[in-house]
There are 2 protein chains.
Amino acid sequence: MFDNSEKTDIKELGEFGLIAHLTQSVQLTQASSIKGIGDDAAVLNFEGKKTLISTDLLLENVHFDLRYVPLKHLGYKAVQVNLSDIYAMNGTASQITFSIGMSSKFPLEAVEEIYEGALLACNKYNIDLIGGDTSASHQGLVLSVTSIGYADEADITYRSGAKEGDLLCVSGDLGGAYVGLQLLEREKQIFLENPKIQPDLEGKDYIIERQLKPDARGDVVELLRQLDIKPNAMIDVSDGLASEILHIAKASNVGCTIYEDKIPLDPMTYDTAREFGLDPTICALSGGEDYELLFTIPQSDYDKVKNQLDITVIGHMTEGSAGCQMISKSGKVHPLQAQGWNAFK
Amino acid sequence: MFDNSEKTDIKELGEFGLIAHLTQSVQLTQASSIKGIGDDAAVLNFEGKKTLISTDLLLENVHFDLRYVPLKHLGYKAVQVNLSDIYAMNGTASQITFSIGMSSKFPLEAVEEIYEGALLACNKYNIDLIGGDTSASHQGLVLSVTSIGYADEADITYRSGAKEGDLLCVSGDLGGAYVGLQLLEREKQIFLENPKIQPDLEGKDYIIERQLKPDARGDVVELLRQLDIKPNAMIDVSDGLASEILHIAKASNVGCTIYEDKIPLDPMTYDTAREFGLDPTICALSGGEDYELLFTIPQSDYDKVKNQLDITVIGHMTEGSAGCQMISKSGKVHPLQAQGWNAFK
């Protein structure tokens with residue numbers, strides 16, 4: 001993805017030099033950031049709030065393929081994916097640590113691109129970069145991100161809070177990231193067979209962006225606050241809708257019924273899935289990587305969400321022994337199964 | 001390092017199964033841990049205290065060599081190394097996240113050993129494991145640890161607080177981890193040339209343990225509290241004494257003079273370094289991985305430390321323009337240089 005000619009050698013800089021170079025433009029903007037990069041640990045001040053922590057490990061050829069993922073997008077996505085976990089707790093994300101392991105043959109400019117993407121994601125939500133680690137890797141590229149946030153104890157939404165009778169809601173639309181990935185994989189194969197053919201992704205921007213440059217839904221957390229809604233349970237959609245519903249149901253000891261015709265799909269997701277011979281509903285249920293928020297609210301909050309274009313009620317929670325199922329468009333009952341991503345297969 | 005016969009296949013478990021299996025015995029003991037593993041993010045409560053965060057990335061064949069590092073030791077060291085950063089802020093370590101990326105061919109028992117080592121390190125200092133990530137790696141083994149702690153704002157020791165006239169102190173002894181590494185490297189070479197020869201490490205337990213199973217000096221932080229000492233500046237010795245002194249001097253805008261004959265060396269470190277034709281002082285200055293604490297205190301605190309066997313005064317801080325130097329045993333002045341480890345070389 002990058003041209004190695006006239007590039008700066010990381011070996012010349014060494015670890016301290018590299019860190020100094022990459023972090024020279026990093027500024028702290030959060031009131032809770034007392035000390036960021038430059039000491040043994042960062043120092044944060046959450047006063048009366050609770051601290052939220054989440055972490056992700058992203059490995060080359062497992063979580064991303066550098067043959068079609070631009071480095072800047074990679075840095076951006078690595079941060080967004082992690083922030084998504086803080087939002088899924090109904091918290092305010094405030095800081096991240098960002099660690100990179102890469103080949104010493106990686107030129108400085110390539111690392112800069114990853115970092116630029118990470119900082120762009122930070123700037124978007126006013127997140128401070130407060131630390132990290134850089135290392136040589138003798139194998140592929142490795143990214144590790146930890147995100148930190150805060151919330152009032154009463155505002156925190158666990159997976160375990162869903163109640164029988166709750167409405168199940170999801171933000172945005174689903175399946176796009178997975179269908180976008182199919183498109184990128186197809187173009188990669190064509191490129192590998194004939195490098196002269198340029199990728200044909202015209203008009204597919206939306207689903208390509210869903211895959212390469214997802215945005216964590218901090219805006220939805222904010223919207224819920226404005227609507228004066230505190231979800232009973234919340235999770236982000238990383239492994240696919242079915243897997244996340246099962247997580248909430250299990251943790252809350254409730255069942256769930258969703259309706260296929262309610263699942264929000266973008267027309268481009270629908271049409272492109274069809275082009276690939278895929279069932280668009282399966283893409284939403286099992287595709288994953290949408291990073292939308294899935295949450296349950298009391299029925300009494302229905303009026304607050306019914307006219308919100310960015311929130312869709314897709315079903316409701318039932319008693320625990322009823323299990324989790326989807327009512328198909330033709331009225332058939334399908335048990336929900338977690339076919340979430342298994343990186344070990 | 002492990003026998004693959006009759007082992008459990010991770011592919012069978014999948015990611016959720018693996019996490020559930022590995023974390024089934026994890027218990028929370030810290031009052032500040034409200035919610036650990038099992039939701040989108042962990043929830044912590046530091047009340048009036050400041051939150052401390054540090055993170056490390058450890059990569060196979062860069063930071064460790066599985067040909068001589070037992071997996072349990074690896075897990076243990078990965079945690080200790082990270083806790084060391086919290087102690088270097090004069091804080092109390094309270095939680096970690098622990099992420100592993102490994103080949104799907106890695107048997108479950110191998111991952112369990114790493115995890116066991118990590119939990120052993122946690123138990124030693126009453127640390128809660130509150131989250132992490134597991135992933136397949138198509139390359140080598142990857143570990144990422146984030147440690148979290150807390151401190152009263154007035155207690156936090158930054159690198160930047162050293163003052164002219166301060167005494168420079170170090171805990172324990174130095175150079176052992178580096179000399180232990182030389183020993184392990186030599187035995188590895190002998191083994192690679194003739195696998196029938198068993199490693200000859202007899203009587204070298206201390207320096208082998210310094211390398212394979214270091215303990216972060218939480219006990220020294222506790223000791224300083226008991227002695228009613230608040231260091232003006234503190235850092236942990238990960239890259240070597242010289243490199244750490246230069247960090248403090250630069251951040252504090254002071255100079256430093258240390259005395260070669262004051263640098264604490266264990267006799268085994270000294271003798272084994274000599275066996276290898278190495279200068280023991282250089283091993284202490286540039287070897288690294290000792291994870292001792294290096295700190296400056298006002299001269300008025302001298303009486304409090306002078307009879308402490310675990311604390312050695314090795315020099316004092318001077319005005320900034322004087323630079324950093326070591327007075328050798330023969331009275332010569334040597335400028336200190338950071339020859340710290342450069343993973344990119």
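Select B:Glu185 to begin, which at 28% relative accessibility counts as partly exposed, a class lying between buried (under 20% relative accessible area) and exposed (over 50%), with a 1.4 Å probe and protein chains only. This is a predicted model, in which local features need pLDDT of at least 70 and side-chain atom pairs count only at pLDDT 80 or more, while totals for chains, interfaces and linings use all residues. Residues are numbered from 1 along each chain as its sequence is written, chains are lettered from A and ligands numbered from 1 in the order in which they are written, and side-chain values use heavy atoms, with hydrogens and water left out.

Add B:Lys188, which is buried at 11% and meets B:Glu185 in a salt bridge of 3.5 Å, N to O; the term requires a side-chain nitrogen of Lys or Arg within 4 Å of a carboxyl oxygen of Asp or Glu. The two residues are 3 apart in helix H4 (residues 176-193) of chain B, and therefore separated by about one helical turn; helices here are DSSP runs (H or I, at least four residues) and strands likewise (E, at least two), numbered from the N terminus.

Next, select B:Asp310 and B:Arg217, whose closest N and O atoms are 2.3 Å apart in another salt bridge. B:Asp310 lies in the loop between helix H10 (302-305) and strand S12 (311-319) of chain B, and B:Arg217 in the loop between helix H5 (205-212) and helix H6 (218-226) of chain B, so the pair ties together parts 93 residues apart in sequence. B:Asp310 is partly exposed at 28%, whereas B:Arg217 is buried at 10%.
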